[in-house]
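This report is a first reading of one protein chain for someone who has not met it before. Please keep the sequence and the 3D view at hand while going through the sections.

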Amino acid sequence: MRYLDAAATTPVRREVLEAMWPFLTGEFGNPSSHHGLGDSAARALEGARRDVAAALGGRPGEIVWTSGGTEADNLAIKGLALSRPRGRHIVTSSIEHPAVLEACDYLARLHGFRVDRLEVDASGIVDVAQAERLIGPETTLVSVMLANNEIGTLQPVAAIAEIAHREGALAHTDAVQAVGSVPVDAAALGVDALSLSGHKLGAPKGSGALWVRRGLALEPLVHGGGQERGRRSGTENVAAAIGLAAALSLAVEVTPGGPRPRGPVEALALARDGFVRDVLAGADGAILTGDPVRRLPGHASFCFPGTSGEAVLLGLEQDHGIVCSSGSACAAGSDEPSGVLLALGIDPEVARTAVRFTAASPADLDGVAAAVVEAVRGVRSLGD
């Protein structure tokens with residue numbers, strides 16, 4: 001099997017499992033307990049917090065453990081907005097992950113917030129000029145993702161955060177897809193909160209974190225015993241935190257210039273470019289979605305007019321052993337065209353032909369373009 005769906009999830013790395021194992025067996029203590037087992041768990045948890053903070057260019061006290069990117073997004077948006085509502089105005093983009101869009105919708109429905117969505121161009125890049133017009137003295141929070149999960153486009157988050165701060169608003173970014181693939185330094189980005197998820201990095205599902213700039217109030221989603229400095233109650237999942245820290249250490253190098261991906265980023269981007277070129281040349285009418293340059297290094301997404309995206313997926317898996325995706329895993333099973341692709345101005349019928357390939361290494365893409373071309377031709381031939 002050739003696995004090209006890393007944007008959906010990644011296998012847990014052996015080194016991560018080995019780091020977690022002691023805390024799933026003998027080191028099972030509750031980190032809030034005042035005895036030897038509890039103290040051991042607490043020390044391990046704080047060590048993991050230091051490692052995650054360093055990988056994001058932050059401080060240990062700025063890390064809040066979560067169950068993944070969705071909870072981190074919800075905690076950032078609801079927590080920051082409700083603790084500092086100001087003008088009850090939120091600015092986000094039209095292509096955010098549902099965790100962001102639904103959290104904003106919740107604030108609008110139940111707390112009287114007004115939500116504006118930034119438009120994107122045909123490459124999926126947000127309109128910075130529109131952000132200048134929309135963000136103002138009444139704005140509470142701005143949330144724009146660093147890298148889009150469906151089309152791979154990288155956003156000018158630092159510029160958006162600068163506009164937000166100039167107007168006295170806070171800035172959050174969903175960096176779930178970006179961490180480990182491109183440099184992610186919270187200080188350099190200028191944001192106030194940043195979300196990440198472990199299962200995109202070789203850690204288990206159910207592991208994640210929110211980085212929140214020191215000194216900011218954060219209304220918790222979960223109330224209880226006051227763990228995580230009152231920001232997220234509940235006994236911490238020590239093993240998951242250890243796993244996330246281990247995965248980040250494998251994916252990110254902490255250098256004097258800031259955190260940097262350890263992987264073969266440049267080689268992966270070159271392999272992706274060759275894959276894109278070969279698919280566009282061989283599959284008549286194929287459309288690359290997202291920006292051709294400002295995108296994640298292992299991400300290539302297409303529309304194949306005259307096909308069904310699901311049929312192409314099936315052909316690739318059954319005939320070539322290639323596993324990929326028709327878009328966001330969070331929208332699996334939906335018959336509706338992708339809202340992200342519609343925001344790019346793509347026709348709904350064309351949007352239904354989308355296929356996404358996300359690779360972790362250059363070798364993952366070897367020979368895949370020819371298989372894609374064959375699968376697309378095979379699906380089209382069924383309609384002749």
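## Overall form

How does the radius of gyration of the protein chain compare with that of a compact globule with 384 residues? The model is a predicted one, and in it the protein chain has a radius of gyration of 21 Å, which agrees with the value near 21 Å that a compact globule with 384 residues would have. Taken along the principal axes, the box that the C-alpha atoms fill is roughly 70 × 50 × 40 Å.

The protein chain is built with 13 helices and 14 strands, and 54% of its 384 residues count as buried. Among the contacts with a separation of 6 or more, 73% are made by residues that stand 24 or more positions apart.

## Surface and charge

The accessible surface of the protein chain comes to about 15900 Å², and carbon and sulfur atoms account for 53% of that area. Counting charged side chains gives 33 positive and 45 negative ones, and the centres of these two sets lie 6 Å apart.

## Cysteines without a disulfide

A disulfide is a covalent bond that joins the sulfur atoms of two cysteines. How many disulfides does a search of the whole structure find? The search finds 0, and the distances around two cysteines can be set against the cut-off, since a disulfide requires a pair of cysteine sulfur atoms within 2.5 Å.

For C303, the closest cysteine sulfur is the one in C324, and because it is 13 Å away, it is too far for a bond. The view from C324 leads back to C303, whose sulfur is the closest to that of C324, again at 13 Å and too far for a bond. As for their surroundings, C303 counts as buried at 0% relative accessibility, and C324 also counts as buried, at 12%.

## Two residues of helix α8

Helix α8 spans residues 238–251, and G243 lies within this helix. G243 has 0% relative accessibility and therefore counts as buried. Leaving aside neighbours within four places in sequence, G243 is in contact with V16, M20 and A203. Between G243 and R50, which are 193 residues apart along the chain, the C-alpha atoms are separated by 13 Å.

A251 also has its place in helix α8, and at 14% relative accessibility it counts as buried. If residues up to four places away in sequence are not counted, A251 touches G180, L201, R260, P261, R262 and G263. The last of these, G263, is 12 residues from A251 in sequence and 6.6 Å from it in space, C-alpha to C-alpha.

## Two loop residues with positive phi

Most residues other than glycine have a negative phi. Which value does phi take in R86? It is near 45°, a positive value in a residue other than glycine. R86 sits in the loop that runs between α3 (69–83) and β3 (89–93), where it is partly exposed, with a relative accessible area of 37%.

E228 likewise has a positive phi, of about 55°, although it is not a glycine. The loop that holds E228 runs between β8 (208–212) and α8. Is E228 buried or exposed? With 5% relative accessibility, E228 counts as buried, whereas R86 is partly exposed.

Note on methods:
Residues are numbered from 1 along each chain as its sequence is written. This is a predicted model: local features need pLDDT of at least 70, side-chain atom pairs count only at pLDDT 80 or more; totals for chains, interfaces and linings use all residues. Side-chain values use heavy atoms; hydrogens and water are left out. Buried means under 20% relative accessible area, exposed over 50%, partly exposed in between (1.4 Å probe, protein chains only). Helices (H or I, at least four residues) and strands (E, at least two) are DSSP runs, numbered from the N terminus. Contact means heavy atoms within 4.5 Å. The radius of gyration is taken over C-alpha atoms; the globule rule is 2.2 Å times the number of residues to the power 0.38. Accessible areas come from the Shrake-Rupley method with a 1.4 Å probe; for residues, only the protein chains shown count as cover. Lys and Arg count as positive and Asp and Glu as negative; His and the chain ends are not counted. The place of a charge is taken as NZ of Lys, CZ of Arg, CG of Asp or CD of Glu.
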